[in-house]
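Let us walk through this structure from its ring pairs outward to its overall form. Keep the 3D view open as you read.

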Amino acid sequence: VYPSRAKENGIEGTVYLRFEVTKTGKIGKVELQKSADPLLDEEAVRVIKLLPKFKPGYHNGQYVNVWYSIPISFKLK
């Protein structure tokens, strides 16, 4: 959901995040890499934390934590 205050103020942009998928498949840490606006940043982090459980990384016979980077674009129509 587009943040209402950002929508009212015509704020658009791309938020760059990285997040950890733990060895249990859950979302761990979420880190902001590049901000667009605090309102958009907050919504992007919220959405990432709501992601469903992932299939965990597997390396050398063990489950491992894996980091992913993702841009999230906010654009008004």
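Rings of Phe, Tyr and Trp count as a pair if their centres lie within 6.5 Å. Planes under 30 degrees apart are stacked, those over 60 are edge-to-face, and the rest are tilted. The model here is predicted. A search of the whole structure finds five aromatic pairs.

One of them joins Tyr2 and Phe74. Their ring centres are 5.7 Å apart and their planes meet at 85 degrees, so the pair is edge-to-face. Tyr2 sits in the segment before helix H1 (4-8), while Phe74 belongs to strand S5 (residues 66-74). The two are 72 residues apart, and their pair links distant parts of the chain. Phe74 is buried, at a relative accessible area of 10%.

Another pair is Phe19 with Tyr68. The centre-to-centre distance is 5.7 Å, and the angle between the planes is 25 degrees. This pair is stacked because 25 degrees falls under the 30 degree limit. Phe19 is in strand S1 and Tyr68 is in strand S5, so the pair ties together parts that are 49 residues apart in sequence. How accessible is Phe19, buried or exposed? Phe19 has 4% relative accessibility and counts as buried. Tyr68, at 36%, counts as partly exposed. Phe19 and Tyr68 also form one aromatic cluster with Phe54.

Now turn to the charged side chains. Two salt bridges turn up in a search of the whole structure. One of them pairs Glu31 with Arg18, with 2.9 Å between the closest N and O atoms. Glu31 is in strand S2 (residues 27-34) and Arg18 is in strand S1 (residues 13-21). They are 13 residues apart, and the bridge links distant parts of the chain. Glu31 is partly exposed, with a relative accessible area of 30%. Arg18 is partly exposed too, at 27% relative accessibility. Arg18 has another partner: it lies over the face of Trp67, at 3.9 Å from the ring centre.

Where does the bridge between Glu43 and Arg46 lie? Both residues are in helix H2 (residues 38-49). They are three residues apart, about one turn of the helix. Their N to O distance is 2.7 Å. Glu43 is buried, with a relative accessible area of 11%. Arg46 is partly exposed at 38% relative accessibility.

Next, look at the loop between S1 and S2, where Thr22 lies. Thr22 counts as buried because its relative accessibility, 18%, is under the 20% limit. Its side chain makes a polar contact of 2.9 Å with the side chain of Thr24. Leaving out residues up to four places away in sequence, Thr22 touches Gly28, Pro56, Val64 and Asn65.

Finally, step back to the whole chain. The protein has two helices and five strands. From the N terminus on, these elements run α-β-β-α-β-β-β. Among contacts with a separation of 6 or more, 67% come from residues 24 or more positions apart. Buried residues make up 29% of the 77 residues. The C-alpha trace spans about 50 × 20 × 20 Å along its principal axes. The radius of gyration is 15 Å, whereas a compact globule of 77 residues would have one near 11 Å.

Technical notes: Residues numbered from 1 in each chain as written. Predicted model: local features only at pLDDT ≥ 70, side-chain atom pairs only at ≥ 80, totals over all residues. Heavy atoms only, no water. Salt bridge = Lys/Arg side-chain N within 4 Å of Asp/Glu carboxyl O. Helix = DSSP H or I, 4+ residues; strand = E, 2+ residues; numbered from the N terminus. Buried < 20%, exposed > 50% of the residue type's maximum accessible area, 1.4 Å probe, protein only. Polar contact = N/O pair within 3.5 Å; in protein donor to acceptor, adjacent residues only side chain to side chain. Contact = heavy atoms within 4.5 Å. Phe/Tyr/Trp six-rings, centres within 6.5 Å; stacked < 30°, edge-to-face > 60°. Lys NZ or Arg CZ within 6 Å of the ring centre and 35° of its normal. Rg over C-alpha atoms; globule rule 2.2 N^0.38 Å.
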